[in-house]
Amino acid sequence: MTRHFSTFSVIREGLKGHTGWAPLWRSPAPKDAYDIIIVGGGGHGLATAYYLAKNHGLKNIAVIEKGWLGGGNTGRNTTVIRSNYFYPESTALYDLSVRLYEGLSKDINYNVMFSQRGMMVLAHSDAEMEMAARTVNAMQLGGADAELLDARAVQKKAPVLNFRDDARYPIHGAIFQGRGGTGRHDAVAWGYARAADRLGVDIIQNCEVSGFLIEGGVCKGVETSQGLIKAGRVGVATAGHSSDLAAMGGYKLPLHSYALQAFVTEAIKPFMDTVAFSPMTGSYFSQSDKGGLVIGGGLDRIPSYGQRGNVPVQETVLSGIIDMAPALAKVKLLRHWAGIVDVSPDSSPLIGPSGTDGIFINCGWGTGGFKAIPAGGYLFAHLLATGTHHDISRPFDPDRFQTGHLIDEASGSGIAH
Amino acid sequence: MSGVRRDKGGLIDRSKPIRFTFDGRACQGFEADTVASALLAAGVRIFARSFKYHRPRGVWGAWSDDPNAVVDIALDGISFPNCQATTTTLTEGMAVRSINAWPSAQRDVKGVLDLAHRFLPAGFYYKMFMWPDWHLFEPMIRKMAGLGTLGQEVSDGFQSAVLHEHCEVLVIGAGPAGLTAAREAAQTGKSVLLVDDQAELGGSAYRIAGQAGWQAPDWVAEQLAAIRSHGGRILNRTTAIGVYDHQMLSLVTERGLGTAPVLRKVRADQVILATGAIDRPVTFENNDRPGILSLEAGTEYLNRYGVRPGSRIAILSNRPDATPYATQLSEAGALVTVVDAASAGLKALGRASVRGLIAGKDRFDCDTVLASAGLTPLIHLWRHAGGKLAWDEGRQTFVPSEGPDWMRVIGGASGTFALDAALDEATAAAIKAPVPARAPYAIAPLRPDLSSKGRQWIDFQHDVTVKDVALAHRENMVSVEHLKRYTTLGMAGDQGKTSNIAGLSAMAELKGQSIPDVGTTTFRPPFVPVPLEAYRSTRRDRQMQPLKRLALEPEHRALDAAFGEYGGWLRPAWYGTDTEQVAVRRECQTAREAAAIMDGSALGTIEVVGPDARAFVNFVYYNTMSTLKPGKIRYGFMLAESGLVFDDGVMACVDDTRFIISCSSSHADAVMAHLENWRQDSFDPSRVHIHDTTANWSTVTIAGPKAQTILKALGVLEDMADFPHMSLRFGTFAGEEARVARVSFTGDTSYEVSVRNTVVARLWRKALEVGAQHGGGPVGAEALTVLRAEKGYILVGKDTDGETMPHDLGFAAPRARKSAAFVGDRSLHTAKANEETRKQLVGLSVPDGAPKLPIGAHVVAEEGGTRRSLGYVTTSHDSPTLNRPIALALVEAGQQAMGNPVKIWHLGQSHTATIAPACAFDPEGVRIDA
Amino acid sequence: MQQFPCPFCGLRDEREFHFAGEAGKPRPDTTQPISDADWAKYLFYCANAKGASHEVWVHTTCQEYFVMTRDTVTMAVLGTHALHEVPA
């Protein structure tokens, strides 16, 4: 069986007809009890399991997933990875994520194709250039890389953008983060799953939680479609469905669930390397290694658990793209879909105790969960293993809604998540 | 040998030749040809190259299910990437280029990649390129990827339109079943809309084989005439691309290459899907060779376009109804052999084009293979609408089962492949009668031969083979979604229309399960690829976010104003032809030395009236407003319930039941919504009303030492005595009511004179005329922002951020003392709100001779070699009044640091400044009462 | 494209409406002491129900706030009534 991935092993297997590859992960039946159960087999849940095993030496761990691994927002997002945030708490969190992403492929021996081709946040007026400068300075002071580009520099990187005199939103410049870029979203879930499995984590698909076993106010396990599974601690990382789990677990969350849509076009020969985002229209796009344009934008306006998008937002997002790059008007849309994201009052995540003893939460990532997967997993593992916060996750504890220490990036930096 | 144009038959017009080129070679087709039918007739076999291995690709389908014949087309100087040759109507002058091929599809240098296929299995990139670094490999991989080429030229004429439609019955698909359903429904008197994606309606009618006495063109014409005569509407070239919430369908009407399509949003009480069925490919060795077409496509080219796809044709099928097709093709002059698709050891011969077929020990020489592993209903829209599918063992495919009561599926789309049964089903659907039971139909199940050493294609465009599915299975990528994502099966331009069932079938065989146990992936819109432009409709250029325009705009233009966008309003930035710097300095001087005449109309004006108005304004303002006397004005903040500053501005009390709120110009709509929210939530809505009068009034602001003199000369107020700062008077101008508020945003004596839009131009001109006599003149928005900055007056959103509370701006009293409830009150007492390190509004001064600070620069603390942000510069100007730079900033505990030197950081550069009061000019405020 | 029934104007395009929050969260009397936890509960916490959800919406064209019950999975509208009206 070939377990290690490398160019050499692919060539060797190629000569044998690829018959020797080991399964990426086992499909074990659930045990009666685990030290820690992670609910949710998306990026955050799988990364948490991996770091629990790797960083904290815990072996008796299960990830339970109601469908297939990475089938939620991990496999539905627009794959942008960046740390261009305004507040130092956010920069610390997301830059940890970018740093972990930078070493991830080698760490887990799975190519997640983190392509640091850069991310541009456009500025469309003098006032936006001033806000962009504020953000660039904040990022530099916070330890993240950032440059302020003028219009000419933007045009050099992305000639397809709208530099016509009659543009509704003329381009004055951009915030550029060179270390930002895109990754292969499915590969992140699969890579973490494979690496966690290798460390002994049980990954159980098609296992839906129907309730929590609460004894004396303390959670002792989960009721699932594959039976009762006991647990010392339970970590819930179920994104848009977090409130639903909360209702079962007897705690409340400050979240609203919305559909967030994504779009992909037909494959085109490469013409643009960076991600480009226009805060005026809320639309952004990048070109994947396969050649398709991957397009995203703002949230749908109607709270929703239906994993499908709504027409008005499709129109807003796609017209925003054409305004940003008029030559794309003739490019054809291949497919659009939606994921359910959980949006918190300050659009920043919640990592911490749930309010029910024994249950911990990792949620509220809103539209930006993918980029945070390594950090989310790393910090959540720390919390689950030690029962206390890592310094970087401390500000994101749900207690901030009582103390008033909100981390509201949308109004701080003008950048939506 | 390959395709041959027959001298008769088909719907093309042989009297109208159309010239075009393919890979530089001159070709000719006829009117009503598609690019594919014309190329096929011209003897072209290789249309493009596949995505990964650059294998030669011929045409497989004859319509939107074709994954292979993708081409770039240039027309009238604009190029369009990735056009489906099978659905693109041929147009004179098209320059057609094969995709993913160089120099041509016939001879593509990257074709050698196919030799390395064993090292490029499904998902090879997940296992490779990690060492030394992915970024070394990625540029090369990117260069290899992609299909068509994007021309970056912009076509202004490429504009879509959107139409909204309603009908009682929407029939999608105008084949025999759809035509019948539409006719029957129209005859009952219902409003019927029949749509079909082809230019020529009829669907499968033209290729129906073995139906005695069937005369397709006549029959189609009769149905169309009957539908029209009963008032039914018919749209051709119109594809239903998606079904959305609350029963809305999106339809796209093609208008030819180079013209953007029309998007129709249709609501129908009843939807009948008659979208037909397509052939599944037979999975066997080298089944991707050019010259292997689907059986339906082969006969479609023959009957619709008069093109016989080959001369020696092997029909490879398990369909019980294949023989009549053979007869059609024989009658058209082809030598036809029928080969059982269930034969063991199938293999296609030939490389650039199929040359024969091996079935076990038998060998069939042929130049064309028409293959079908059975028909697959096109049920995408049914799935969009939430309809369910059931596996039909006899048909070896999924057919519609339970679903929404407003949608019915008929004909091929429901698995009813026989003509008579389909027509019965159509009639029943039209009159909402019970569905007749699906007639039995049995084909031999086909499973891929897993023992075959050769490569058997499943996704033609993306080069996914049975071996790739086997690899996914071996690696435990067995969920259908994992299979799809890992191998890219079904993610090509056709979105799995051809590959879906073949992929499931292979996985089922590998797992030893049935196909329904393997499952299906989700069907996502759009049904066919649609240009992004189709979604744009009116959201283009200025209409994306229409600007608000001032009633005085012509007056400003007459004064050579430079315009800018401020909070959604198009406002004069400065006047005259000088540079901005010169003009702003001049206008500031005018304002400080004489008087500024300004257009203040963009400020939001909201009236609050009713017996509870006083209680209401006291509740929505941070400041105590309950004590405001009639005729008086007070400055205040509105907070969000989170305690953050939401808006600021002045409010005037007209009398106990009437208040006039003035809010930031960009904020009027949001403030209005905010007020309505609280009015309806916390008050008796019959006792307090809110009315946005921004658009009803225009305001001319006169500010400066000469303001009082000018106002007096305007004659608006009879009596100017006892009119102190922060008070309101009513007067008249040109016989109309005029409202004069003595408030100031410049720090000088200032009056806002508000009149109806109809007379404001006269007021403006008179103010300028009188003002000029006293040295005053027009002043734009840029100078105003400098004047207000000199006084330390804030602009919400610019000088506040997402954490600013009123006490950060020096307004702490209501927080400490206001006893009545107000919006945001409790949030002003959280731990965070009480912190001493809150960012507070301050001024910054720079050393003598230093330039102004850049806006966005941060104030930093340097601690042990690291810098920490303490805040940032929010406003910065060269003050013409003070002849030095001024700045406003939000700085941690700034109020306690007055006079302290601070370090400033901007884009890698360090500067120094000193914390100063926000108000840099006339701190005692003597000018305001002058 | 959804359509919502405004209790005052009838069935209208979803773009005319704006989601204002969950129904049934009366503003606490802020002249009395309120704990941080209770204030946070009022201000931030919500049921975010999967299925039937009671919500306050505003019809921006007539500016009336009203209560709408929707199924957040199927998007079906289950009923609407004026803000201070008790549904029958």
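**Entry 1: the sheet**

I started with the sheet in this predicted model: nine strands make an open sheet with mixed pairing, and the order I wrote down is β5(A)-β6(A)-β4(A)-β13(A)-β14(A)-β15(A)-β12(A)-β16(A)-β30(B). I then looked up the edges. β5 of chain A (147–150) and β30 of chain B (530–531) stand there, and each has a single partner strand, so one side of each is left without a neighbour in the sheet.

Next I picked one pair inside chain A. β4 (residues 119–123) and β6 (residues 173–177) run antiparallel and are joined by five bridges. In that pair I found Leu122(A) opposite Ala174(A) of β6(A).

**Entry 2: chain B against chain C**

I moved on to the interface of chains B and C. How many residues of chain B are in contact with chain C? I got 27, against 23 residues of chain C. The two chains bury about 2,000 Å² between them, with 47% of it on carbon and sulfur atoms. On the chain B side, His246(B), Gln680(B) and Arg826(B) lose the most area to chain C, together 35% of what that side buries.

**Entry 3: polar links and who supplies them**

I checked for salt bridges across this interface and the rule finds three. One that I noted pairs the side chains of Asp825(B) and Arg27(C), at 3.1 Å from N to O. For polar contacts, I have 16 residue pairs down.

Which elements of chain B each supply at least two residues of the side touching chain C? They are β14 (262–273) and α17 (668–682). α17(B) gives the most, with seven residues. By class, I logged that side of chain B as eleven nonpolar, eight polar and eight charged residues.

Key: Residues are numbered from 1 along each chain as its sequence is written. Chains are lettered from A and ligands numbered from 1 in the order in which they are written. This is a predicted model: local features need pLDDT of at least 70, side-chain atom pairs count only at pLDDT 80 or more; totals for chains, interfaces and linings use all residues. Side-chain values use heavy atoms; hydrogens and water are left out. Two strands pair if DSSP finds at least two bridges between them. Helices (H or I, at least four residues) and strands (E, at least two) are DSSP runs, numbered from the N terminus. Contact means heavy atoms within 4.5 Å. Buried area is the accessible area (1.4 Å probe) that two parts lose on being put together, summed over both. A salt bridge is a side-chain nitrogen of Lys or Arg within 4 Å of a carboxyl oxygen of Asp or Glu. A polar contact is a pair of N or O atoms within 3.5 Å; within protein, one must be able to donate a hydrogen and the other to accept it, and residues adjacent in sequence count only if both atoms are side-chain atoms. Ala, Val, Leu, Ile, Met, Phe, Trp, Tyr, Cys and Pro count as nonpolar, Asp, Glu, Lys and Arg as charged, and the others, Gly among them, as polar.
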